[in-house]
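Student: Hey, I've just opened this one and don't know where to begin. Can you walk me through it?

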Amino acid sequence: MEASKVIHAIYTDDDVLMSAVKTVKAKKHHIEEIYTPFPVHGLDKAMGLAPTRLAITAFMYGCVGLTVAITMMNFIMIKDWPQDIGGKPSFSYLENLPAFVPIMFELTVFFAAHLMVITFYLRSRMWPFKKAENPDPRTTDDHFLMEIAIHNNESELTSLLQETGAVEINIVDKDEDAH
Amino acid sequence: MEYKISNRLRMGAIIMMVLGLIGVAYGFIDSHHWNEGNIDQYIKAENSHGSHGDTHATEAHGDEHAEAGHAVAKNDDHHGEEAHGGLTHHEEHALHQIHNRPYAALYVGAFFFFMIALGVLAFYAIQYAAQAGWSPVLFRVMEGITSYVLPGGLIVLAIAFAADSHLFVWLKEGVTEVGHENYDKLVAGKSGWLNKTGFFIRGLIFLGGWSLYRYFSRKFSIAQDNASDNKNFKKNFRISAAFLVFYIYTESMMSWDWIMSVDPHWFSTLFGWYVFASMFVSGITVIAMISIYLKSKGLLEFVNDSHIHDLAKFMFGISIFWTYLWFSQFMLIWYSNIPEEVTYFVTRIEHYKLPFFGMLAMNFIFPLLLLMNSDYKRINWFVIMAGIVILCGHYLDVFNWIMPATVVDRWFIGMPEIGAVLLFGGLFLFIVFTALGKAPLLAKQNPFTEESKHFHY
């Protein structure tokens with residue numbers, strides 16, 4: 001099938017890559033993916049990617065952590081084995097709230113941070129024993145790779161990419177089974 | 001890029017000052033309406049009020065707390081005894097509180113605006129010392145605001161001088177004299193530090209140091225505009241680093257003197273930091289607000305949304321830092337529940353429920369929820385709205401520092417308080433915007449200005 005053919009343009013500089021992305025986007029081509037050795041500032045915006053929803057998940061995980069902390073401390077310190085906190089035997093969660101705030105804070109941060117990292121890995125399709133999707137090992141060192149799908153426009157794309165300063169252009173058959 | 005204070009703004013500031021002056025004057029005249037002759041009527045009226053049905057009970061309670069240290073120290077109990085001129089203890093207290101209120105209201109307003117300017121001065125010095133690349137386009141705005149440090153500080157000291165024992169009970173006659181009816185053993189023990197001469201000498205040293213830094217950093221900053229090398233910038237870097245060392249000590253001592261000493265029996269070791277967080281976040285908020293205002297006039301075209309975004313991040317972050325310090329102070333004192341420490345919070349929670357918890361909501365919950373979203377920090381009007389909440393919250397913060405010690409449960413945000421805010425707010429706007437008009441709004445030869453112009457996140 002024609003659609004499974006992709007073009008790989010390789011760059012050696014992130015600034016050149018950024019201007020190339022802008023040129024390609026200006027010509028209304030869809031960029032499948034870009035592989036970089038390090039995060040390139042502003043690349044997501046230039047590619048026109050939708051903003052990440054990771055922050056929203058972090059907020060929700062934080063809320064879960066806060067709830068867990070409140071429920072847990074209420075059970076441990078008030079219900080199951082009522083504690084006299086700081087000489088104030090009120091046995092009320094609300095009246096002893098200051099004592100629980102550090103735990104509420106820590107668990108909020110703990111849940112938000114850990115679950116956000118796990119979500120990030122899963123969303124990026126990175127899990128243990130996963131075969132790397134990376135098409136070229138040099139993108140883990142000092143090369144940048146832009147992948148564009150070909151739709152009967154091989155020569156047009158090649159010349160466009162050459163103009164943008166690509167040091168190497170390869171046409172490859174994409175193995176769909178890799179996903 | 002030149003800015004001149006507009007006539008409308010100048011008029012507005014002057015009207016604010018005049019209205020404020022009327023409010024302040026009203027506060028003083030009104031408080032002197034009550035004197036030793038008619039205070040019993042005041043108490044009677046207060047007790048017959050439905051809403052004050054339980055005033056007497058809480059009052060007695062509050063007095064007990066306020067006096068806990070006294071009673072221990074004096075070893076002779078004045079409670080219920082007939083004191084001055086046939087006044088009961090309760091009447092005498094009420095009269096003192098009524099007379100303290102206009103001074104306290106004035107002091108709160110004056111300190112609040114002074115604190116903004118001083119917070120900005122620290123922020124400005126940090127930008128220089130860190131050689132920050134994002135902020136030089138905001139330097140002239142900061143320099144404008146810090147022009148209020150000297151006048152604002154002198155006003156605070158002048159009010160402290162005029163108010164005397166109306167604000168600082170340790171200035172009462174005979175507090176350190178053994179055998180005197182006002183003798184207070186705890187205060188006497190601290191009199192090596194807490195005495196009138198020391199207070200004002202220290203105050204002038206603090207203010208002198210801060211103003212000197214302000215004067216020279218501004219001078220070098222202006223000189224850099226037309227320089228061909230970076231000599232002035234380097235000088236500024238050096239004096240900023242030195243200033244920060246001086247500042248972190250003196251700010252802490254200032255907070256003991258000017259604020260913590262209104263409750264001379266009570267002390268907290270992180271109070272200086274806590275006050276610092278308050279002035280820092282208020283200062284940054286005002287930088288953001290004034291920058292947005294000038295931008296809306298088309299005067300700061302080199303300030304982009306990323307600069308506002310960064311300022312809003314600071315507003316968010318320092319609000320949480322403030323909460324962290326506030327809570328660290330509160331939790332330990334609440335937990336240990338030692339009588340001489342915990343009275344501080346007992347007074348506040350009993351008599352200042354609304355400002356005390358309201359301040360927490362305004363200084364923590366509001367900024368946390370409003371400014372959490374990244375996109376909202378770039379929406380200018382949104383930053384202004386969040387800023388107004390933060391500023392009101394920190395006004396209440398200052399209110400909670402001063403009022404409980406001076407007027408106890410006789411507080412209200414009425415004519416004297418609003419008058420003081422208008423008076424010093426007007427003066428602040430007048431001085432700051434006049435100073436903004438004295439130099440170009442871009443520090444154009446600062447070596448980081450080019451970087452700052454292109455700052456984006």
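Tutor: Let's go through chain A, then a helix pair and two loop residues in chain B.

Student: Anything I should know before we start?

Tutor: This is a predicted model, where local features need pLDDT of at least 70, side-chain atom pairs count only at pLDDT 80 or more, and totals for chains, interfaces and linings use all residues. Residues are numbered from 1 along each chain as its sequence is written, while chains are lettered from A and ligands numbered from 1 in the order in which they are written.

Student: OK, how many helices and strands does chain A have?

Tutor: Chain A has 5 helices and 4 strands. Those are DSSP runs numbered from the N terminus: H or I of at least four residues for helices, E of at least two for strands. From the N terminus on, the order is β-α-β-α-α-α-β-α-β.

Student: And is chain A spread out or compact?

Tutor: Its radius of gyration is 25 Å, well over the 16 Å that the globule rule gives for 179 residues, so chain A is more spread out than a compact globule. That radius is taken over C-alpha atoms, and the rule is 2.2 Å times the number of residues to the power 0.38. The C-alpha atoms of chain A fill a box of roughly 80 × 30 × 30 Å along the principal axes.

Student: Which domains is chain A divided into?

Tutor: Domain 1 (2–37 + 142–178) and domain 2 (54–123), with bounds from an automatic or database domain assignment. Their centres, taken over C-alpha atoms, are 48 Å apart.

Student: Switching to chain B: how do H6(B) and H8(B) pack?

Tutor: Their axes are 9 Å apart, at an angle of about 170°. That makes H6(B) roughly antiparallel to H8(B), a label for angles over 145 degrees. The axes are lines fitted to C-alpha atoms over the stretch in contact, and angles run from 0 to 180 degrees between N-to-C directions.

Student: What about the loop after H6(B)?

Tutor: Asp164(B) is in that loop, between helix H6 (149–163) and helix H7 (185–189). Asp164(B) has a positive phi of about 50° although it is not a glycine.

Student: Is Asp164(B) buried or exposed?

Tutor: Asp164(B) counts as exposed because it has 12 C-beta neighbours inside 10 Å. The cut-offs are 20 or more other C-beta atoms within 10 Å for buried, 12 or fewer for exposed, and partly exposed in between, with C-beta atoms placed from the backbone.

Student: And Val408(B), buried or exposed?

Tutor: Val408(B) counts as buried, because it has 23 such neighbours inside 10 Å. Its phi is also positive, near 45°.

Terms used. Angles under 35 degrees count as roughly parallel, over 145 as roughly antiparallel, 65 to 115 as roughly perpendicular and the rest as oblique.
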